[in-house]
Amino acid sequence: MEPTDVAASQIFSEIRSTRGFEEIAMQIQSAIYSGKLKVGDRLPNERELGEVFGVSRTTLREALRLLEALGTIEVRRGAAGGSFVVEPAPERAGLLLGAFIHFRHATSQDLNEFRETFEAETASWAAQRATSAESVVLLKIVDQLHEVRESGSWDEFVEIDLRFHLKVAEASKNQIRLAIMQGIHEVFRNSSLAIAKADSPTWRRQQESEIAAIARAIAEHRPEEARRLMRQHVLSNLRLSSNG
């Protein structure tokens with residue numbers, strides 16, 4: 001499908017801020033969020049944007065670089081190139097959130113405390129909304145966890161565990177919950193890998209048992225039980241982090 005060209009004067013206005021590039025980025029993001037700009041649309045060229053915003057090409061390019069770093073636009077080269085609106089990749093959100101958590105010196109316990117209520121509610125919504133196909137996927141992940149429990153590496157065990165939590169978020173049918181879960185995915189992985197000292201046959205059996213119970217509660221559409229079981233599951237990780 002051919003990209004749509006948008007007239008800058010129809011959606012943007014001249015700026016007067018001393019940090020002009022930030023206001024430009026905010027106006028463009030606002031146009032995307034409101035639907036005036038859609039994924040696939042090509043932004044007006046730099047000359048037109050510069051005239052509408054009343055800024056130099058240097059300031060405009062700073063704004064475009066900021067939007068590109070955020071994953072909101074993609075700059076393509078060549079005759080048919082330009083700046084195009086794109087949907088930010090979940091990995092980009094994870095990188096930004098990971099950096100924020102790092103500079104805030106957040107701990108594994110901070111993450112688990114957040115997950116305690118967030119994931120418990122997500123599991124409850126999943127139990128109310130999961131389709132038969134999604135329930136089958138969750139139960140198959142439990143089978144995969146069982147397969148690697150005895151001889152798989154800790155990394156393999158963690159990856160399957162992470163996939164389960166992400167699929168629960170997908171089954172909740174709440175796009176904000178899914179986006180947040182995708183955003184903390186890398187932080188969640190690093191936290192899980194960091195507690196490899198906990199790896200033992202007993203610990204793996206406990207994790208498998210807890211996840212299997214959550215999967216069954218979701219598949220059988222028992223939201224209160226899914227909430228309770230997920231909260232207990234996360235709390236067991238919180239206690240481990242606290243003792244680490």
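Here are three short exercises, with worked solutions, on the predicted model shown above.

**Exercise 1. Describe the overall make-up of the protein chain.**

Start with the elements: the chain holds twelve helices and two strands. Next, read their order from the N terminus, which is α-α-α-α-β-β-α-α-α-α-α-α-α-α. Then turn to burial: of the 244 residues, 44% are buried. Finish with the contacts between residues at least 6 apart in sequence, where 72% join residues at least 24 apart.

**Exercise 2. Work out how helix 7 is oriented relative to helix 11.**

Two packed helices are described by the angle and the distance between their axes. Here the axes of helix 7 (residues 132–149) and helix 11 (residues 201–219) come within 9 Å and cross at roughly 170°. Angles over 145 degrees count as roughly antiparallel, so helix 7 is roughly antiparallel to helix 11. Now look at who makes the contact: helix 7 contributes residues including L138, L139 and V142, while helix 11 contributes residues including I211, A212 and A215. Sorted by character, the residues of this contact are ten nonpolar, two polar and five charged.

**Exercise 3. Find the nonpolar cores and the residues that feed them.**

Begin with the largest core, which has 41 residues; F164, V168, M181, I218 and M230 have the most contacts inside it. Helices 6 to 12 each give two or more residues to this core, and helix 8 gives the most, with ten. Zoom in on M181: setting aside neighbours within four places in sequence, M181 touches F118, E119, H165, L166, A169 and F188. Last, add the second, separate core of 22 residues, with A8, I28, L43 and L60 among them.

Note on methods: Residues are numbered from 1 along each chain as its sequence is written. This is a predicted model: local features need pLDDT of at least 70, side-chain atom pairs count only at pLDDT 80 or more; totals for chains, interfaces and linings use all residues. Side-chain values use heavy atoms; hydrogens and water are left out. Axes are lines fitted to C-alpha atoms, for helices over the stretch in contact, and angles run from 0 to 180 degrees between N-to-C directions. Helices (H or I, at least four residues) and strands (E, at least two) are DSSP runs, numbered from the N terminus. Angles under 35 degrees count as roughly parallel, over 145 as roughly antiparallel, 65 to 115 as roughly perpendicular and the rest as oblique. Contact means heavy atoms within 4.5 Å. Ala, Val, Leu, Ile, Met, Phe, Trp, Tyr, Cys and Pro count as nonpolar, Asp, Glu, Lys and Arg as charged, and the others, Gly among them, as polar. A nonpolar core is a set of buried Ala, Val, Leu, Ile, Met, Phe, Trp, Tyr and Cys residues joined through side-chain atoms within 4.5 Å. Buried means under 20% relative accessible area, exposed over 50%, partly exposed in between (1.4 Å probe, protein chains only).
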